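Hello,

Here is the structure I promised to pass on. Have a look at it first, and then read on for what turned up in it.

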Amino acid sequence: MAMTESSRQVGVVLRRRSIDNPWIDHMWSPVMILDEVPATAPWTVLSAEADATIYYAGAASIDLFSSDTANYRDNLADGEPRVWVALRRQDGGSELELTKVTADPTEGEAMFESGCDVIGTVPMPPDIASWIATFVDQFHVERAFHKRQRDRAGGDGKPTPEGSPDERRGRT
């Protein structure tokens, strides 16, 4: 079966907040996903206050794959669907680069272990949720669960000398 894919460009908004910490003076966090990419240059300041600045970070792509529809469905069914955003520092400096935006909770959780510098979730905009729900409705296929058969080995991995319980009872 061929895998079906769909992509959509979104805008990403971030907050840079001052913090009182001996090792770092600020922290980045995603604020929202825009369901349309605005005609705004990346890293434009949208608002600034004494301790926080809001930036339009730029455009990113949310990619959907037919093999992951169960994950998208679970995200939508959660009642408060989320989008995961990951950024990485460029060449160890202070500039950030958008590396991934995803609606797949499994992929999103894996990003927390991937070594990205900034990772967070934001509420999924209704238009994005509707687009994903349509994709799931169109391509989701329930996959039957197949329980793995146990081998007929003993606890140490070696076959038992007397055979399986069924063999001992003469039911082979």
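Of the 172 residues in the protein chain, 31% count as buried. Please keep in mind that this is a predicted model. The accessible surface of the chain comes to about 11,100 Å², and carbon and sulfur atoms hold 48% of that area.

As for the general layout, the chain has four helices and seven strands. Reading from the N terminus, their order is β-β-β-β-α-β-β-α-β-α-α. If you take the contacts with a separation of 6 or more, 62% of them come from residues 24 or more positions apart.

A good place to start looking is strand E4, residues 52–65. This strand is mostly covered, with 10 of its 14 residues buried. E4 runs antiparallel to E1, and 13 bridges join the two. You can find your way along this pairing with two landmarks: Val10 has Ala60 of E4 as its bridge partner, and Val12 stands opposite Gly58 in E4.

Strand E3, residues 44–48, also pairs with E4 in the antiparallel sense, over four bridges. Here Val45 is partnered by Tyr55 of E4. E3 and E4 form a hairpin, with three residues between them. E1, for its part, pairs with E2 as well, again in the antiparallel sense and over eight bridges. In that pairing, Gly11 has Leu34 of E2 as its bridge partner.

Which residue of E4 might you zoom in on? One choice is Thr53, whose place is in this strand. Thr53 counts as buried because its relative accessibility is 17%, and the cut-off for buried is under 20%. Leaving aside neighbours within four places in sequence, Thr53 is in contact with Leu14, Arg15, Arg16, Val45, Ser47 and Ala48.

Now to the interior. The largest nonpolar core has 27 residues, and those touching the most other members are Val12, Ile33, Ile62, Val101 and Ile132. Strands E1, E2, E4, E5, E6 and E7, together with helix H3, each give two or more residues to this core. Which element gives the most to it? That is H3, with six residues.

Ile62 is a nice one to click on. Beyond its neighbours within four places in sequence, Ile62 is in contact with Ser6, Ser7, Arg8, Val10, Val83, Val101, Ala103, Ile128 and Trp131. Apart from the largest core lies another one, of five residues, including Trp84, Ala86, Met111 and Ile119.

Finally, a word on helix H1, which spans residues 69–77. Thr69, Tyr72 and Asn75 are buried in this helix. Why do these three lie on the same side of H1? They cover an arc of only 120° around the axis, and therefore they share that side. In general, an α-helix has 3.6 residues a turn, so residues three or four places apart point the same way. The buried residues of H1 pack against E4, E5, helix H2 (105–111) and H3. Just after H1, you will come to Gly79, which takes a positive phi of about 95°.

If you want a short route through the model, begin with E4 and its pairing with E1, go on to Ile62 and its contacts, and end at the buried residues of H1.

Happy browsing, and best wishes

Terms used: Residues numbered from 1 in each chain as written. Predicted model: local features only at pLDDT ≥ 70, side-chain atom pairs only at ≥ 80, totals over all residues. Heavy atoms only, no water. Core = buried A, V, L, I, M, F, W, Y, C linked by side-chain atoms within 4.5 Å. Buried < 20%, exposed > 50% of the residue type's maximum accessible area, 1.4 Å probe, protein only. Contact = heavy atoms within 4.5 Å. Pairing = 2+ DSSP bridges. Arc of directions from axis to C-beta. Areas by Shrake-Rupley, 256 points an atom, 1.4 Å probe, with all protein chains shown as cover.
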